[in-house]
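Me: I'm new to this one, so could you walk me through it bit by bit? Let's start once it's on screen.

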Amino acid sequence: MAQSSLMKARASYSVSSPPVDVEGAETSNASGARVWTITLFTIIACLGSMSNGFIMGYSSATIAELNNTETGEHGLSSDSESSSWFAAFAPIGALLGGPVAGWASDRFGRKTGMMLGGVPYSLGWLFISCANSVPSQNGFIALLLLGRLLTGFAAGWISLSVPLVTSDSELWGIP
């Protein structure tokens with residue numbers, strides 16, 4: 001009786017076989033440490049997806065505070081146009097971040113491409129946090145909008161690069 005290819009594959013699989021790394025050399029207890037390293041890196045990579053929630057949700061809580069000119073020297077104008085631009089700059093940046101992340105992943109590798117996404121994220125929050133120290137109203141709004149654009153750019157970047165990295169079996173050495 002002929003065995004199917006699935007039956008042959010199951011017969012050749014052995015649970016007790018020693019772990020093998022990418023080059024084919026046998027390893028000992030290093031595989032346990034490797035599993036923990038992969039798990040930790042995956043958790044850290046997925047924190048990038050959590051940061052997207054911070055980026056997109058930031059405008060809803062902040063617009064009310066920015067429209068309240070009693071609490072600080074700066075504020076958005078009372079019209080809804082300024083508030084709308086403040087809220088819309090992050091999704092606009094996200095539209096631009098995805099294609100750049102794809103290029104960076106091809107050019108520098110998936111893991112490095114993902115890590116480069118932290119640069120616009122950090123710069124964007126730096127601009128937003130330093131905006132209150134700008135003395136002019138126009139400079140304040142410009143830094144806020146630039147910060148929102150950069151954090152949105154990072155959100156688009158992370159939305160593309162985190163799934164690429166976490167699902168890449170070659171990167172983790174899984175045959």
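Me: Where does G109 lie?
Reply: Helices here are DSSP runs of H or I with at least four residues, and strands are E runs of at least two, numbered from the N terminus. By that count, G109 falls in the loop between α3 and α4 (110–116).

Me: Before we go on, what kind of model is this?
Reply: Residues are numbered from 1 along each chain as its sequence is written, and side-chain values use heavy atoms, leaving out hydrogens and water. Local features need pLDDT of at least 70, side-chain atom pairs count only at pLDDT 80 or more, and totals for chains, interfaces and linings use all residues, since the model is predicted.

Me: Why does G109 count as partly exposed?
Reply: Buried means under 20% relative accessible area, exposed over 50%, and partly exposed in between (1.4 Å probe, protein chains only). G109 counts as partly exposed because its relative accessibility is 25%.

Me: How far apart in space are G109 and V165?
Reply: Along the sequence, G109 and V165 are 56 residues apart. In space, C-alpha to C-alpha, the distance is 9.5 Å.

Me: And F108, is that one buried or partly exposed?
Reply: F108 belongs to helix α3. Its relative accessibility is 41%, so F108 is partly exposed.

Me: How many helices does the protein have?
Reply: Reading along the sequence gives α-α-α-α-α-α-α. There are zero strands, and the helix count is seven.

Me: Which helix gives the most to the largest nonpolar core?
Reply: A nonpolar core is a set of buried Ala, Val, Leu, Ile, Met, Phe, Trp, Tyr and Cys residues joined through side-chain atoms within 4.5 Å. The largest has eleven residues, including I63, F86, F89 and L145. At least two residues each come from α2 (30–67), α3 (80–108) and α6 (137–166). With four residues, the top contributor is α6.

Me: Which residues does F89 touch?
Reply: Contact means heavy atoms within 4.5 Å. Leaving out residues up to four places away in sequence, F89 touches L145, R148 and L149.

Me: What about a second core, how many residues does it have?
Reply: This one is separate, and F41, A45, M114 and I158 are among its members. Its residue count is six.

Me: What share of the protein's residues is buried?
Reply: The protein has 175 residues. Of these, the buried share is 31%.
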